[in-house]
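Q: I should like to learn how to read the features of a protein model, one at a time. Could the general idea be given in each instance, followed by the case at hand?

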Amino acid sequence: MVSSERQAACVCSACSLRTSAFSAAHLEPSPRAIVVVAPHPDDETLGAGGLIAGAVAAGAAVAVVLGTDGNRRGLGRVRAREYAAALDCLGVPEAGRIRLNYADGSLARQPPGCVDLHLAETLSALRPDHVVLPAPWDCHPDHAVLGHAAAHWVQQTGVPCSAYPIHASGFPRPRGFRPSEPLLPPSALLPCGWKWTSLPLSPTALRCKLDALRCHRTQLWTPTLRGLLLSLVRQNELFAVRSEGINGGSP
Ligand SMILES: [Zn+2]
């Protein structure tokens, strides 16, 4: 189970970078119905904006499931508008914008199983053939809770998945807006059963991602947060996938 994966780490991200495992092979064959799970407005862009833009351009149906309202500083309504503008940039249609509507920062305080059931019902209704989820081992509680819920659903259903990191110690390095440089994996070891892969972004997908990120204006106000967000606009996007195969399995 996913929760036990925290206990053992056996995949060295540095070693993965030196091998052919660091590739975009997990997206072959190209999925036709992709669901991106985002804890907060902006995570869809930060973690998978380039993937979304590229998939939409290739004709895939892309939906984004937003976990929380992003209302931590009373900016919920503003962030909702920013989020809508960002999804316009990425090409996500209105019908593909689903909200779970939990309060920002509240996912770890929900009754046991509540988020899991809510997300499972949502994903089952959408019937994706690929799920992009926040890394279950992310340092932010909202990311971890939603990531665990999504990882549980894909493990139960066998749907392929890709997990994106946002909050991790020393990630990304170096900080700053360096769109011509690669995004490298966090230094921390991955949980057993996962490996890093990289999705190269086309110039068009990278531009769409940057345009979408600029829509999240309130998140670019403070220098610290701005530095983190812009550091995730690089030549590639980074995902962890099941190392046992595309359908995963119990590690
Ligand atoms: Zn977030």
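The dialogue below takes up the overall make-up, the core, helix packing, backbone geometry and two individual residues.

Q: How many helices and strands are there in the protein chain?

A: The model is a predicted one. The protein chain contains seven helices and nine strands.

Q: What percentage of the residues count as buried, and what share of the contacts is between residues 24 or more positions apart?

A: Of the 251 residues in the chain, 47% count as buried. Among contacts with a separation of 6 or more, 83% are between residues 24 or more positions apart.

Q: Which residues touch the most other members of the largest nonpolar core?

A: The general idea is that nonpolar side chains tend to be buried together in soluble globular proteins. Here the largest nonpolar core has 64 residues, and those touching the most other members are Val36, Val37, Ile52, Leu90, Val131, Val132 and Ala150. Helix H5 (residues 141–157) supplies the largest share of this core, eight residues.

Q: Taking valine 131 as an example, which residues is it in contact with, leaving aside its neighbours within four places in sequence?

A: With those neighbours left aside, valine 131 is in contact with Val35, Val37, Leu123, Ala150, Val154, Val159 and Cys161. Two of these, Val37 and Ala150, are also listed among the core residues that touch the most other members.

Q: At what angle do the axes of helix H3 and helix H6 cross, and how is that angle to be read?

A: An angle over 145 degrees counts as roughly antiparallel. The axes of H3 (residues 76–90) and H6 (residues 203–215) cross at roughly 170 degrees and come within 8 Å. H3 and H6 are therefore roughly antiparallel to each other.

Q: Which residues of H3 and H6 meet?

A: From H3, Glu82, Ala85, Ala86, Cys89 and Leu90 take part; from H6, the residues are Cys208, Asp211, Ala212 and Cys215. By class, the contact of H3 with H6 has seven nonpolar residues, two charged residues and no polar ones. Leu90 of this contact is also one of the residues touching the most other members of the largest nonpolar core.

Q: What angle is found where H2 and H6 pack?

A: Helix H2 (residues 43–57) packs with H6 at about 135 degrees, and the two axes are 8 Å apart. H2 and H6 are therefore oblique to each other. The crossing in which H2 passes H6 is right-handed.

Q: Which residues of H2 and H6 meet, and how do they divide by class?

A: On the H2 side are Thr45, Gly49, Gly50, Ala53 and Gly54, which meet Ala205, Leu206, Cys208, Lys209, Ala212 and Leu213 of H6. The residues of this contact comprise six nonpolar, four polar and one charged. Cys208 and Ala212 of H6 take part here, and they also appear in the contact with H3.

Q: Where should one look for a positive phi or a cis peptide bond?

A: Most residues other than glycine have a negative phi, and most peptide bonds are trans. In this model, aspartate 42 has a positive phi near 125 degrees, and arginine 127 has one of about 55 degrees. A cis peptide bond joins phenylalanine 171 to proline 172, with omega about -10 degrees. Another cis bond runs from arginine 173 to proline 174, with omega near -10 degrees. Proline 172 is in the loop between S6 and S7, as is proline 174.

Q: Are aspartate 42 and arginine 127 buried or exposed?

A: Aspartate 42 is in the loop between strand S2 (33–38) and H2, and it counts as buried because it has 26 C-beta neighbours inside 10 Å. Arginine 127 is in the loop between helix H4 (114–126) and strand S5 (130–134); with 10 such neighbours inside 10 Å, arginine 127 counts as exposed.

Q: Where is glutamate 181, and which residues is it in contact with?

A: Glutamate 181 is in the loop between strand S6 (161–164) and strand S7 (190–191). It is partly exposed, because 15 other C-beta atoms lie within 10 Å. Leaving aside its neighbours within four places in sequence, glutamate 181 is in contact with Arg234 and Gln235. Glutamate 181 and asparagine 236 are 55 residues apart in sequence, yet 8.5 Å apart in space, C-alpha to C-alpha.

Q: In which helix is leucine 210 found, and how far in space is it from leucine 232?

A: Leucine 210 is found in helix H6. Since it has 17 C-beta neighbours inside 10 Å, leucine 210 counts as partly exposed. Leucine 210 and leucine 232 are 22 residues apart in sequence and 9.7 Å apart in space, C-alpha to C-alpha.

Terms used: Residues are numbered from 1 along each chain as its sequence is written. This is a predicted model: local features need pLDDT of at least 70, side-chain atom pairs count only at pLDDT 80 or more; totals for chains, interfaces and linings use all residues. Axes are lines fitted to C-alpha atoms, for helices over the stretch in contact, and angles run from 0 to 180 degrees between N-to-C directions. Helices (H or I, at least four residues) and strands (E, at least two) are DSSP runs, numbered from the N terminus. Angles under 35 degrees count as roughly parallel, over 145 as roughly antiparallel, 65 to 115 as roughly perpendicular and the rest as oblique. Two residues are in contact if their C-beta atoms, placed from the backbone, lie within 7 Å. Ala, Val, Leu, Ile, Met, Phe, Trp, Tyr, Cys and Pro count as nonpolar, Asp, Glu, Lys and Arg as charged, and the others, Gly among them, as polar. A nonpolar core is a set of buried Ala, Val, Leu, Ile, Met, Phe, Trp, Tyr and Cys residues joined through C-beta atoms within 7 Å. A residue is buried if 20 or more other C-beta atoms lie within 10 Å of its own, exposed if 12 or fewer, and partly exposed in between; C-beta atoms are placed from the backbone. A crossing is left-handed if the near helix is turned anticlockwise from the far one by less than a right angle, and right-handed if clockwise.
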